[in-house]
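This report examines one helix and a selection of charged side-chain pairs. The sequence and the structure are shown below for reference.

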Amino acid sequence: MRGCVLAGVWGAGKTAVYQRCAAELIAGGCESLIALPQAATLTTHTYTTGSGSDHVANIRSWLENLTVFLEDFDRRFQVSTLPNHRFAPAWAPTCLLEGLGFDAPVYGLPLDRRSLLSIEHRLAALGLHLVVLRVPTNRIRQQCVESTRAHRSPRWAAYLEGFGPDDRARAQYVQRAQDRLLCWARTSPMPSRVIDVDGEGWDDSAAQIADLITSPTKATYGRRHPTAPTPAAVGGSHRA
């Protein structure tokens, strides 16, 4: 299997890059694509009734079920004759997952990082990368606060107000969330890639990710999977 989990703070361009990357993979001949937007991963479990702990339980259960599905999908492909077929690059199981559970540090969910390490190890064993879209510090206020307020709904603008009393404080809030996310990525057993974004050039970022996913050197055909996960000394996630 091959693919990536795409993460980033509000306004980093995850959705724009996700959409363009999916289109690029399909245009490049990928015929076995599992593409899930953030609305189907993290968001759908937080826009429901219940407490934060209920949301976390739902996210963990969903992640476990998804990982089992991906493992079974990959196993069936590997034991077939398809990895040696001339169309293997087109038929190889490919994942493009936006958000998943890896934006938990951004949203401040009461989720202990250590509880997801085993899933991260399993996703790494499948050949998935963790890709973080990083907004440069000098761009956060304009891109993550002012621009998103102007281009999103009034409901989003109201949500943004909860980040602080003014745009300077809100930008600092986003910066702290991004710092937590980058720390998570650095300590993840998944191979990670950080891509700087500036509010433009979404096509370039999407092309980088598509190349990362489809590079023959990253393919996991016949690769032996790692053994049991090694716990990391990383605590839970907290709000900024």
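Which residue just after α1 takes a positive phi? In this predicted model, that residue is G29, whose phi is about 105°.

**Helix α1 and its surroundings**

Helix α1 comprises 14 residues, 14–27. At 1.5 Å a residue, a helix of this length should span 20 Å, and the end C-alpha atoms of α1 are indeed 20 Å apart, so the expected and the computed spans agree.

Part of α1 is shielded from solvent: its buried residues are K14, A16, V17, Y18, C21, A22 and L25. The elements that cover these buried residues include the strands β1 (2–8), β2 (33–36), β3 (94–98) and β4 (128–134), together with the helix α10 (202–214).

**Salt bridges**

Side chains of opposite charge can pair when their charged atoms come close. The structure holds 10 salt bridges; among them are the three tabulated here with their N to O distances.

| Salt bridge | N to O distance |
|---|---|
| D203 and R20 | 3.1 Å |
| E146 and R141 | 3.2 Å |
| D167 and R170 | 2.8 Å |

The salt bridge of D203 and R20 returns the discussion to α1. This pair links distant parts of the chain, with D203 in helix α10 and R20 in helix α1, 183 residues apart. Helix α10 is thus named twice in this report, as it is also among the elements that cover the buried residues of α1. D203 counts as exposed because its relative accessibility is 52%, where the cut-off is over 50%. R20, with a relative accessible area of 33%, is partly exposed.

In the salt bridge of E146 with R141, E146 has a relative accessible area of 33% and is therefore partly exposed. R141 likewise counts as partly exposed, at 40% relative accessibility.

Are the partners D167 and R170 buried or exposed? D167 has a relative accessibility of 14% and so counts as buried; R170, at 7%, counts as buried too. The cut-off for this class is under 20% relative accessible area. Both residues lie in helix α9 (residues 167–186), and because they are 3 residues apart, about one helical turn separates them. An α-helix has 3.6 residues a turn, so residues three or four places apart point the same way. The pair D167 and R170 also belongs to a wider arrangement, in which salt bridges that share partners join R149, E161, D167 and R170 into one network.

Notes. Residues numbered from 1 in each chain as written. Predicted model: local features only at pLDDT ≥ 70, side-chain atom pairs only at ≥ 80, totals over all residues. Heavy atoms only, no water. Helix = DSSP H or I, 4+ residues; strand = E, 2+ residues; numbered from the N terminus. Expected span 1.5 Å × (residues − 1). Buried < 20%, exposed > 50% of the residue type's maximum accessible area, 1.4 Å probe, protein only. Contact = heavy atoms within 4.5 Å. Salt bridge = Lys/Arg side-chain N within 4 Å of Asp/Glu carboxyl O.
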